[in-house]
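Student: I would like to go through this model and test each label against its cut-off. Can we take it one term at a time?

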Amino acid sequence: MNDVVLIIGGLSITVAETIAAAGMLAGLLLLGLLMIALRARREQAQAQAAAAERQRELDDKLEAMTRLHAEMTGRMQTMAEVFGSRQAELTRAIGDRFDSLRGTVHSTLSENAERAAEHLGKLNERLAVIDAAQANLQGLASEMLSLKDVLSNKQARGAYGQGRMEAIIRDALPARAFEFQATLPNRARPDCIIRLPGDDRPLVVDAKFPLEGFAALREAQSEEARAASLKRVRNDLQVHIRDISEKYLLPGQTQDLALMFVPSEALYADLSEQFEDLVQKAHRARVLIVSPSLLLMAVQVAQAIVRDAAIRDQARMIQLEVGKLLNDVRRIGERAGKLDTHFRQTQEDVAGLVTSTEKVLKRGERIEALEFEQKPAELPIEAVPLRRPA
């Protein structure tokens, strides 16, 4: 049997050789299967090791993320506490600053109002004094004395005229506005000079009116005596007008007009009625004849000028004080504007801080809300990058 020869395809092969070849082929097949099984087991072990490594790395990343989340939550709480304390401090500082500024503004306005009220009170007091003096002058103007008793004595006549003139002027004008028996640059001494505001040249008043001729005219019984008395009055008036014009009208040193005082309204009426040509001549010589009422009117004009000058001075002071008050109010407005700008900037900064805080909180909430539902084997290693907290 061992020598049985098979003829296959023209080749002669013994059975023993065929069996040996089949056994060799089976061994080779078994060896290949064993190698394949070993390779599959090695690959499976490598896959399990890789999966375990990925699982470990994923656990590390999850732990790092959990730690980072805890750190971020702590920092966010700290930032919220810091922002809350800073905002409270800022609010308190702003309130203190505003209260201080409001107190300063109130005190400044109160002081300025009190100062203005004080100046207005002083001005009203001065105006009341001037009105009282004017009332006194009106009372003095109503008093009339008998000219006949006065004309009986020459010295009494002079004292009477001087006294009436001084009474009218002293009661109507302040002491600094007049002077009695002053000396002019030419050494002449008029009965009174009146100083007008804004002009260094004084206004001269003469009270030495010649009354003897008028007394004789009143006592004349015949035509001859009357004519003589009229002539005497005319001569006395011409001489007196010339003396006033020459002694008291000094170019550039006194006013261009002088006053000749007549101490009686009745005497002034007789003079205007019977000697109108002399009155006109006196006007041409720049000498103004005045009765007590006319002197009072002239003094009232001078008084109005002095009062207007005083009012202008006081008004100028009031304007200066009001200007200072307006400057203070203007500076207060500017400082309030600057403070308002600071308030707006502070509000904008606080709004920016609140916005940033809200963004940080939203990001923290998004991180806190993350869900890791995927399987560990399906998560790639590079899916969650790690970042250091800023």
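**Labels and their cut-offs**

Tutor: Start with Thr108, which sits in helix H1. The model is predicted, so local features need pLDDT of at least 70 and side-chain atom pairs count only at pLDDT 80 or more, while totals for chains, interfaces and linings use all residues. Residues are numbered from 1 along each chain as its sequence is written, and side-chain values use heavy atoms, with hydrogens and water left out.

Student: What makes H1 a helix in this numbering?

Tutor: Helices are DSSP runs of H or I with at least four residues, strands are runs of E with at least two, and both are numbered from the N terminus. Helix H1 covers residues 15–141.

Student: Why is Thr108 called partly exposed?

Tutor: Its relative accessibility is 22%. Buried means under 20% relative accessible area, exposed means over 50%, and partly exposed is in between (1.4 Å probe, protein chains only). Thr108 therefore counts as partly exposed. Its C-alpha atom is 8.8 Å from that of Val329, and the two residues are 221 apart along the chain.

Student: Is Gln255 buried or exposed?

Tutor: Buried, because its relative accessible area is 14%. Gln255 lies in the loop between helix H5 (223–248) and strand S6 (258–261). From Gln255 to Asp199 is 56 residues in sequence and 9.1 Å in space, C-alpha to C-alpha.

Student: How do you know that Asp60 and Arg56 form a salt bridge?

Tutor: Their closest N and O atoms are 3.5 Å apart. A salt bridge needs a side-chain nitrogen of Lys or Arg within 4 Å of a carboxyl oxygen of Asp or Glu, so the pair qualifies. Both residues lie in helix H1, four residues apart, about one turn of the helix. Asp60 counts as partly exposed because its relative accessibility is 39%. Arg56 is partly exposed too, at 41%.

Student: How many salt bridges does the structure hold?

Tutor: It holds 10. Another one in helix H1 joins Lys122 and Glu118, with 3.7 Å from N to O. These two are also four residues apart, about one turn of the helix. Lys122 has a relative accessible area of 40%, so it is partly exposed. Glu118 is partly exposed at 48%.

Student: What makes Arg195 and Glu179 a salt bridge?

Tutor: The closest N and O atoms are 2.5 Å apart. This pair links distant parts of the chain, 16 residues apart: Arg195 is in the loop between strand S4 (192–194) and strand S5 (203–206), and Glu179 is in strand S3 (residues 178–180). Arg195 is partly exposed at 36%. Glu179 is partly exposed at 33%. Elsewhere, salt bridges with shared partners join Glu53, Arg56 and Asp60 into one network.

Student: Which aromatic pairs does a search of the whole structure find?

Tutor: The search finds one aromatic pair. Phe178 and Phe180 form it, with 5.1 Å centre to centre and 50 degrees between the planes.

Student: Why is the pair of Phe178 and Phe180 called tilted?

Tutor: Rings of Phe, Tyr and Trp (its six-membered ring) pair if their centres lie within 6.5 Å; planes under 30 degrees apart count as stacked, over 60 as edge-to-face and the rest as tilted. The 5.1 Å meets the distance limit, and 50 degrees falls in the rest, so the pair is tilted. Both Phe178 and Phe180 are buried.

Student: What is notable about the phi of Arg187?

Tutor: Most residues other than glycine have a negative phi. Arg187 is not a glycine, yet its phi is positive, about 70 degrees. Arg187 is in the loop between S3 and S4, and it counts as exposed because its relative accessibility is 74%.

Student: Where is Arg286, and what is its phi?

Tutor: Arg286 lies in the loop between helix H7 (276–284) and strand S7 (287–290). Its phi is also positive, about 65 degrees, although Arg286 is not a glycine. At 41% relative accessibility, Arg286 is partly exposed.
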